[in-house]
Amino acid sequence: MQMRNIVIGVTALGMVGVASSAFADTWRFGLEETEGSVQYGYAEEFKKLIEEKTDGDVTVQLLPYGSWGSNYSALYDAVQNGAIQIGFGSGFLGGTVPESQLMSLNFVMPNDQLETAKILNSDAFLKSDAWQQSFRERGLVPLGALPEGYQVWTANKEIRTPADMQGLQIRVMDNSLLRKTYEAYGASPITIAYGELYSALQQGQAEGNIQPVFAHENMGFYEVQDYMIFADQSQFVANLMANEDWYEGLSDDQRKALDATLGEMVQKGHDIQTQFNSERLDTIKEKSDINIIHLNDEEREQFRELAKPIRQVYVDMVGERGKEALDIVLDQIDKAGAGSDQGS
Ligand code: 6CS
């Protein structure tokens, strides 16, 4: 059975053996998600590649959601202080790296998901001063980005237009930009921890949810929701990041293995998320009678219009460096000639 209330039985951060040296040849990799998730699938492949390329010099230890605690700031703090060397940070990371909320903007990324992965992992973006400094100023280094699939809404009512979303207590990750976005759509967003979300949905404390398909299945959320709504408004993107001192202390061989692995993982990460999201949608359809809705262009356009001012909200919230990062992404989308969710 899925994890229903994952907060129960989690171990404290100290129990994963975080006391050892930040420069040990065991690389601890903290995940925001459980086994069976896209982050876990990515991490398994990452581990295989690193261990092969370093000929046993390095062992990668995977720490899924729950093994390091359940409050995401504990994971981000552990990467910042070197107790965990590598970790994922997505929607909740906005409190630690405000600029990272760029990944939460709606109607910005290319609608080709592989193209999104390539742009967010390009040197032009990833190695830019704007993105590097956003993380380095907080003792972190951005290593890459993992798009995990489109964010899909669920609710117990049909949602086709912003009018249908009025006052809906939809659960968003703890991120000011997401709250502003869903307020602009007319909803009344609320924040609930990932591990408590199933029971919150079951008890009606939250009336709607936003996740990639695999997560609706992996965490069982679809069991307690009646409608699944595909609006293609944004992809879920997790940042892969490392402790800065640890990263700077890697040997040449380790750095080479890491760089090569990260390069290979762009395509592999895309393949993993595509496969997981497609298979899990089949599972949801088999196991439930959830109603599936795909917004048409006219319906989607109404959300796109409401999302437009949120880019400026992002810039006002995070400042000039955030604007630079956003401009680089927009420029890369333009250069790639990729069809974009931005529309005309
Ligand atoms: O919604 C959340 O809180 C979590 N969802 C996913 C798919 N990954 C991590 C994230 O924090």
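Start with Arg171: in this predicted model, an N or O atom in the Arg171 side chain sits 2.6 Å from an oxygen atom of the ligand. Two other side chains reach ligand oxygen atoms too, one from Tyr72 and one from Gln211. Here are the three distances side by side.

| Residue | Distance from a side-chain N or O atom to a ligand oxygen atom |
|---|---|
| Arg171 | 2.6 Å |
| Gln211 | 2.9 Å |
| Tyr72 | 3.1 Å |

How much of the ligand's area does the protein bury? On its own the ligand would expose 300 Å², and the protein buries 100% of that.

Now for the company the ligand keeps. There are 13 residues around the ligand, and those that come nearest are Glu33, Tyr72, Arg171, Gln211 and Phe236. Sort the shell by class and you get 8 nonpolar residues, 2 polar ones and 3 charged ones.

Where does this shell come from? The chain is split into two domains, and each is built from two stretches of sequence: domain 1 covers 10–148 + 236–278, while domain 2 covers 152–234 + 289–343. Why does the ligand lie between domain 1 and domain 2? It lies there because both domains give residues to the shell around it.

Next, look at how the two domains meet. Their C-alpha centres are 23 Å apart, and the contact draws on 42 residues from domain 1 and 47 residues from domain 2. Together the domains bury about 3600 Å² between them, with 65% of that on carbon and sulfur atoms. On the domain 1 side, three residues stand out: Phe92, Asn106 and Phe107 supply 22% of the area this domain buries against domain 2, more than any other three residues.

The domains also share polar links. Between domain 1 and domain 2, 15 residue pairs are in polar contact, counting pairs with both residues at pLDDT 80 or more. Across the same interface there are 2 salt bridges. If you'd like a salt bridge to find in the structure, try Arg321 and Glu137, whose closest N and O atoms are 3.2 Å apart.

Conventions: Residues numbered from 1 in each chain as written. Predicted model: local features only at pLDDT ≥ 70, side-chain atom pairs only at ≥ 80, totals over all residues. Heavy atoms only, no water. Near = heavy atom within 4 Å. Polar contact = N/O pair within 3.5 Å; in protein donor to acceptor, adjacent residues only side chain to side chain. Areas by Shrake-Rupley, 256 points an atom, 1.4 Å probe, with all protein chains shown as cover. Nonpolar A, V, L, I, M, F, W, Y, C, P; charged D, E, K, R; others polar. Domains from an automatic or database assignment. Contact = heavy atoms within 4.5 Å. Buried area = accessible area lost by both parts, 1.4 Å probe. Salt bridge = Lys/Arg side-chain N within 4 Å of Asp/Glu carboxyl O.
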